[in-house]
Every structure is written in C-alpha cells, then in structure tokens.
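Reader: I am new to this structure and should be grateful for a close look at a single part of it. Would you please choose a starting point and lead me from there to its surroundings?

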Amino acid sequence: MSPTKELSEVIREWSEVYMRRSGRDFKRFMDDTGLSFSSLNVLMRLYHGGRSGVSEIGEQMGVSNAAASQAIDRLVVQGLIERTEDPIDRRAKRLALTPKGRALMQKGIDARSQWVADLTDAFTMEQQSMIVSALALLTEASRAAKE
C-alpha cells in the first residue's frame with residue numbers, strides 16, 4: 001500500500017472510531033438529560049456562538065422560525081436559556097444560555113471528551129509529542145481544504 005493510501009486509511013479508521021465513540025457519548029448525555037437532539041443543538045449553538053436570535057438559530061438548524069421557537073420555548077421553561085428584547089430592535093428577541101444551561105453544556109462537553117483524556121495516558125511522552133505534531137498538521141490541512 002502506498003504511503004498516501006496508508007495515511008488515508010489510518011485517518012478514515014481514526015475518524016470512524018472517534019465519531020462512533022463521540023456519538024455514543026453524546027447519545028448517553030441526551031438520555032441522561034432527557035433533552036432531544038434539537039434542544040441540545042440549540043444549546044450547543046448558544047454555548048459556542050453566544051447570544052443569538054430565533055431566526056438565526058432556525059437558519060443554522062435548517063428549520064422554520066416556528067420550529068425553532070418551539071424548541072426554544074421548552075428550553076426557556078427548563079431554565080436553560082433566557083430570552084430578552086434586542087436593544088436595537090425591540091420586536092426581536094435575543095437568546096442566551098442561563099448559568100444552569102452553560103453548566104449543563106460544560107458537563108456534556110467534559111463527559112464527551114473524558115475518554116480522549118484517558119486515551120492520552122496510554123502513550124509515552126515521545127508518542128504524545130509525535131501525535132500532537134501529526135494532528136496539528138492534519139488540523140491545519142483540514143482547515144485549509146476547500147469545502
């Protein structure tokens with residue numbers, strides 16, 4: 001097998017393992033919290049993107065404003081997000097995570113990434129250094145690649 005094909009195969013295998021594990025951990029978090037995929041999607045968008053409007057959330061999720069509003073209403077009732085007036089356009093509403101919502105998202109992120117932290121213990125310092133270099137190159141090339 002050529003080095004290029006070998007690299008492609010190793011990346012594909014790692015991606016499969018990572019996605020399977022990450023997906024399983026995400027599903028476990030959904031089950032533990034009782035939140036739906038769309039609710040967690042809204043929470044993650046606010047966690048990573050900060051304040052947002054209902055229409056922006058709907059666009060990002062690929063759903064109508066009505067569907068986004070329904071998901072948002074449930075999260076407001078649960079105390080995970082707050083809805084306030086936009087200071088520029090009082091007709092518009094701005095959404096943000098509450099401290100409870102932010103803590104829940106951080107807990108989910110920590111749970112999903114714990115296995116990666118545990119995995120690093122399986123490598124020597126020299127191996128860790130090689131992996132850091134390789135993954136930095138992979139990340140840089142991935143970001144530069146055209147979508």
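**A close look at helix H1 and its surroundings**

Author: Asp 31 and Lys 27 are four residues apart in helix H1, which means that about one helical turn separates them. The model is a predicted one, and this pair serves as the starting point. The side chains of Asp 31 and Lys 27 meet in a salt bridge, at 2.6 Å from N to O. In general, an α-helix has 3.6 residues a turn, so residues three or four places apart point the same way. Side chains of opposite charge can pair when their charged atoms come close. Lys 27 counts as partly exposed because its relative accessibility is 43%.

A second pair in helix H1 has a similar arrangement. Asp 25 and Arg 21 are also four residues apart in helix H1, and therefore about one helical turn lies between them. Asp 25 forms a salt bridge with Arg 21, and the closest N and O atoms are 3.4 Å apart. As for exposure, Asp 25 counts as buried because its relative accessibility is 7%, whereas Arg 21, at 28%, counts as partly exposed.

Charged residues are also linked elsewhere. Glu 9, Arg 12 and Glu 16 are joined in a network of salt bridges. A search of the whole structure finds eight salt bridges. One further salt bridge is formed by Arg 83 with Asp 73, whose closest N and O atoms are 2.8 Å apart. Arg 83 lies in strand E2 (residues 81-85) and Asp 73 in helix H4 (residues 65-77), so this pair ties together parts that are ten residues apart in sequence. Both partners are partly exposed: Arg 83 has a relative accessibility of 33%, and Asp 73 has a relative accessible area of 35%.

Phe 26 leads back to helix H1, where this residue is found. Phe 26 counts as buried because its relative accessibility is 16%, and the cut-off for that word is under 20%. Not counting residues up to four places away in sequence, Phe 26 touches Phe 37, Leu 40 and Arg 112. A separation along the chain may be set beside one in space: Phe 26 and Val 77 are 51 residues apart along the chain, and their C-alpha atoms are separated by 23 Å.

The next element to consider is helix H5, which comprises residues 99-120. Helix H5 has 22 residues and reaches 31 Å from its first C-alpha to its last, close to the 32 Å expected at 1.5 Å a residue. There is, however, a kink of about 40 degrees in H5, centred on Ser 113. The buried residues of H5 are Gly 101, Leu 104, Met 105, Gly 108 and Trp 115. These buried residues pack against helix H1 (3-33), helix H2 (37-49) and strand E3 (93-97).

Gly 101, in helix H5, deserves separate attention. Gly 101 is buried because its relative accessible area is 0%. Leaving aside its neighbours within four places in sequence, Gly 101 is in contact with Gly 79 and Leu 80. Gly 101 and Gln 78 are 23 residues apart in sequence, and the distance between their C-alpha atoms is 9.0 Å.

Thr 98 is placed in the loop between E3 and H5. Thr 98 is buried as well, because its relative accessible area is 13%. Apart from residues up to four places away in sequence, Thr 98 touches Gly 79, Leu 80, Ile 81 and Glu 82. Gly 79 and Leu 80 are thus contacts of Thr 98 and also of Gly 101.

The account ends at the surface, where H1 and H5 appear again. A nonpolar surface patch of about 780 Å² is made by Trp 14, Val 17, Tyr 18, Met 19, Val 116, Leu 119, Phe 123, Ile 131, Leu 135 and Leu 138. H1, H5 and helix H6 (125-144) each supply at least two residues of this patch. H1 gives the most, with four residues. Ile 131 has its place in helix H6. Ile 131 counts as partly exposed because its relative accessibility is 31%, and residues of a patch must have over 30% relative accessible area.

Conventions. Residues are numbered from 1 along each chain as its sequence is written. This is a predicted model: local features need pLDDT of at least 70, side-chain atom pairs count only at pLDDT 80 or more; totals for chains, interfaces and linings use all residues. Side-chain values use heavy atoms; hydrogens and water are left out. The expected span of a helix is 1.5 Å times one less than its number of residues. The bend at a residue is the angle between axes fitted to the seven residues ending there and the seven starting there. Buried means under 20% relative accessible area, exposed over 50%, partly exposed in between (1.4 Å probe, protein chains only). Contact means heavy atoms within 4.5 Å. Patches are made of residues with over 30% relative accessible area and no salt bridge: like charges are joined within 9 Å, nonpolar side chains (Val, Leu, Ile, Met, Phe, Trp, Tyr) within 5 Å. Accessible areas come from the Shrake-Rupley method with a 1.4 Å probe; for residues, only the protein chains shown count as cover. A salt bridge is a side-chain nitrogen of Lys or Arg within 4 Å of a carboxyl oxygen of Asp or Glu.
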